[in-house]
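Visitor: I'd love a close look at one part of this structure, the backbone at an unusual spot. Please start there, and then lead me on to whatever else is worth seeing.

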Amino acid sequence: MSRERILPAFLCEFLNPSMPAILTLQNLTKSYSGRLVLSVPAVDIAPGIHWLKGQNGFGKTTLFKVIAGLLPYAGTVLLDGQFDLRRHPVAYRLRVNYGEAEPVYPEFLTGWELIHWVATAKQAPQHQVDALIDRFAVADFLKTPVGTYSSGMLKKVSIIMAFLGNPRLILLDEPLITLDQQATHLVAELIQTGREQGISFLLSSHQDFSLSGLPVESVWQVAQQTLTLVPHTV
Ligand SMILES: Nc1ncnc2c1ncn2[C@@H]1O[C@H](COP(=O)(O)OP(=O)(O)OP(=O)(O)O)[C@@H](O)[C@H]1O
C-alpha cells in the first residue's frame, strides 16, 4: 500500500522533502500604470496553511489577484512545480481558487447562478455544491439576486465558490471578516479538512490567525513592494 493511502496528504508532504513547493514565484513584478507595486525575485511557498500579512495598500490583494490569474504580471507563477500560469492557463486555474475580501458580483445574478457558473468552470460535482450549500445553510436566499444580499451573505457565497472543484491551492483574502461566529467556525473547519486532504491555503488577514486555532505553518509579509517570510511562533 502506498504511503499516500495510509497517511494524510499533509503528513506525506512533510515527510517527503523532495515534494515541490506548492507555489513558486520568480522575477514576479506587477505595476499599475507604470507604478511598481510588487517585485518578488524568488519565493517558494511550501504546501501548508500560510498567513499573509501586510499594511493597508501594501499589495496583498494585488498579489492574490496575480496568483489567481486575474491580473497581468511579468515573471513566473508556478503551481506544484509543473503548472505555469502563463503556459498552462486552464490547468493552473482549475487548481487555484480565490475568495475575495469584499466580493462584488453583478447585482442581477442570483447566488445560485453564480455558484453554478463557478461550479461548471471548476468542474465541481453536484454533490460538492449541494454539500457546501447545505453546510452554510444558504439555500433559501440563493434564489434571490445578490444585489439584495448583506455583506455576510455575499461572503458565504464567495467562500462556497472558493472551495469548489479540486483545488491544490486556495487563496482567501480576509476569510473571516463579516461572517457570523457559526460561519467563522465552519470556514476554519473547511480549511482544516481541506488541508488534511492536501489543499494548501494562503490566507490574508489583519487579525491574528494564530488565534483561529488553525495550524498556520508560516507567516508571509507584503512590505516594501515584496514578499518575505517572517519569524513566526504559533
Ligand atoms: N486597479 C488599480 N489601479 C491602480 N492602482 C491600484 C489598483 N489596485 C490597487 N492599486 C494600488 O496598489 C497598491 C496595493 O493595493 P492592494 O489592494 O493590493 O493592497 P492591500 O495590501 O490588499 O490593501 P488592504 O490591506 O487595504 O486590502 C495600493 O497602492 C493601491 O492604491
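Guide: Let's begin in strand S1, residues 23–32, which is where Asn-27 sits. Please keep in mind that this is a predicted model. Asn-27 has a phi near 50 degrees, a positive value in a residue that is not glycine. Its relative accessible area is 59%, so Asn-27 counts as exposed, the cut-off being over 50%.

Gln-123 invites a second look, since this residue, also no glycine, has a positive phi of about 55 degrees. You will find Gln-123 in the loop between H5 and H6. With 61% relative accessibility, Gln-123 is exposed.

Another positive phi belongs to the hairpin made by S9 and S10: 2 residues lie between these strands, and Gln-224 in the turn has a phi of about 50 degrees. Strand S9 covers residues 218–223 and strand S10 covers 226–230; they run antiparallel and are joined by 5 bridges. Across the pair, Trp-220 faces Leu-229 of S10.

Gly-69 brings us to helix H3, as this glycine follows the helix and has a positive phi near 80 degrees. Helix H3 spans residues 60–67, and 6 of its 8 residues are buried, so the rest of the structure largely encloses it. Those buried residues are Lys-60, Thr-62, Leu-63, Phe-64, Val-66 and Ile-67.

From here, let's turn to the pockets. The largest pocket holds about 550 Å³ of space. It is lined by 23 residues, and Leu-70, Tyr-98, Trp-117, Val-118 and Lys-122 are the closest to its centre. Helix H4 (89–95), strand S6 (96–99), helix H5 (111–121) and helix H7 (151–162) each give two or more residues to that lining. Sorted by class, the lining of the largest pocket contains 16 nonpolar, 4 polar and 3 charged residues.

The second largest pocket has about 350 Å³ of space. Among its 15 lining residues, Gln-128, Phe-163, Gly-194, Gln-197 and Ile-199 lie closest to the centre. Helix H6 (126–136) and helix H8 (181–196) each provide at least two lining residues, and H6 gives the most, with 4. The lining of the second largest pocket has 6 nonpolar, 7 polar and 2 charged residues.

If you would like to trace the path again on screen, start at Asn-27 in S1, pause at Gln-123 between H5 and H6, and then visit helix H6, which contributes to the lining of the second largest pocket.

Conventions. Residues numbered from 1 in each chain as written. Predicted model: local features only at pLDDT ≥ 70, side-chain atom pairs only at ≥ 80, totals over all residues. Heavy atoms only, no water. 1 Å grid on protein atoms, 1.4 Å probe; cavity = no way out; pocket = protein on both sides within 12 Å on 5 of 7 lines; lining within 4 Å. Points joined across faces, edges and corners; volume = space filled by probe spheres on them. Nonpolar A, V, L, I, M, F, W, Y, C, P; charged D, E, K, R; others polar. Pairing = 2+ DSSP bridges. Buried < 20%, exposed > 50% of the residue type's maximum accessible area, 1.4 Å probe, protein only.
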